[in-house]
Amino acid sequence: TEIIIIIGIVLFIKLLLKICTHYFEGYHVPNYLSYLRHTMYRNILEKYSENFKELESAKIISKIFEVSKYLKDFMIFLIAELGPISMTLVSTCIYYFMVNKTIGIIILSATILIFIILYKYSKLIIATSSKREAR
C-alpha cells in the first residue's frame, strides 16, 4: 500500500507541474513576447526618429519576429524541458543523500562536474555557432 501512495503522490505532483507548465506557456510567454516586440519597435522608432528614410521597415519587422520566435522557443524549452529535468536531478540527489551519504556525495559531485563541463563547452559551442551563422 505504501508504494501505491508514493505512486499517487508522484502522479499528483506531475499533474500539478504539467498545469503550471501550460499556464506559463499560455499566459506568460505571449505577454513577454508582446512586451519584447513593443520594446524593440519603440527603440527602433526612437533611434530613427530623425531620419526615417534609412529605416528598412520590412527587413526590421522580419528580424523582430525572427528574434521573438527564437526567444519564444528558448523560453518554452526552459519551461518544458529544463525545468522538469532540473527537478528530477535535484530530487534524485536528495533521495541518494537520504539512502546513503557516500552515494549522495558521489552523485552530487558528478552532477556538479557535468554542469562545469557543460558551462565550459557552451562558450565554445556558442562561438562556433556564431561563426557559422556569420557566413
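**Reading a three-helix predicted model**

Colleague: Let's start with one residue. Is L17 buried, partly exposed or exposed?

Modeller: L17 is partly exposed, since its relative accessible area is 34%. The idea is to place the percentage between two cut-offs: under 20% is buried and over 50% is exposed. Do keep in mind that this is a predicted model. As for its place in the chain, L17 belongs to helix α1.

Colleague: How far apart are L17 and P84 in sequence and in space?

Modeller: Distance along the chain and distance in space are two separate things to read. L17 and P84 have 67 residues of separation in sequence, while their C-alpha atoms are 8.3 Å apart. Now take F97 and L71: they are 26 residues apart along the chain, and 37 Å separates their C-alpha atoms.

Colleague: Nice pair of examples! What does F97 touch, once its neighbours within four places in sequence are left aside?

Modeller: With those neighbours set aside, F97 has contacts with G104, I105 and L108. F97 sits in helix α2, and with a relative accessible area of 30% it is partly exposed.

Colleague: And why does T21 count as buried?

Modeller: Use the cut-off again: buried means under 20%. T21 has a relative accessibility of 17%, so it counts as buried. This residue is part of helix α1. Its contacts, apart from neighbours within four places in sequence, are with I79 and A80.

Colleague: How much of the protein chain is made up of buried residues?

Modeller: Of the 135 residues in the protein chain, 9% are buried.

Colleague: Let's step back. How many helices and strands does the protein chain have?

Modeller: There are three helices and zero strands. Reading from the N terminus, the order is α-α-α. To judge the overall spread, set the radius of gyration against the value that the globule rule gives. Here the radius is 22 Å, well over the rule's 14 Å for 135 residues, so the protein chain is more spread out than a compact globule. A box around the C-alpha atoms, taken along the principal axes, is roughly 70 × 35 × 20 Å.

Colleague: What share of the contacts with a separation of 6 or more comes from residues 24 or more positions apart?

Modeller: That share is 55%.

Colleague: On to pockets. How much space lies in the largest pocket?

Modeller: The largest pocket holds about 510 Å³. Its lining has 15 residues, and those closest to the centre are I13, K14, L17, P84 and M87. So our opening residue, L17, is back again!

Colleague: Which helix gives the most to that lining?

Modeller: That would be α1, with eight residues. Both α1 (2-47) and α2 (57-99) supply at least two residues each. To describe the character of a lining, sort its residues by type: this one has nine nonpolar, four polar and two charged.

Colleague: Last one: what is the mean pLDDT of the protein chain?

Modeller: Think of pLDDT as the predictor's confidence, on a scale from 0 to 100. The mean for the protein chain is 83, and 96% of its residues reach 70 or more. Among the elements, helix α3 (residues 101-134) has the highest mean, 88, and α2 the lowest, 83.

Note on methods:
Residues are numbered from 1 along each chain as its sequence is written. This is a predicted model: local features need pLDDT of at least 70, side-chain atom pairs count only at pLDDT 80 or more; totals for chains, interfaces and linings use all residues. Side-chain values use heavy atoms; hydrogens and water are left out. On a 1 Å grid over the protein atoms alone, a cavity is a set of points where a 1.4 Å probe fits but cannot get out, and a pocket is an open set with protein on both sides within 12 Å along at least five of seven lines; lining residues have an atom within 4 Å of a point. Grid points are joined across faces, edges and corners, and a volume is the space filled by probe spheres set on the points. Helices (H or I, at least four residues) and strands (E, at least two) are DSSP runs, numbered from the N terminus. Ala, Val, Leu, Ile, Met, Phe, Trp, Tyr, Cys and Pro count as nonpolar, Asp, Glu, Lys and Arg as charged, and the others, Gly among them, as polar. Buried means under 20% relative accessible area, exposed over 50%, partly exposed in between (1.4 Å probe, protein chains only). Contact means heavy atoms within 4.5 Å. The radius of gyration is taken over C-alpha atoms; the globule rule is 2.2 Å times the number of residues to the power 0.38.
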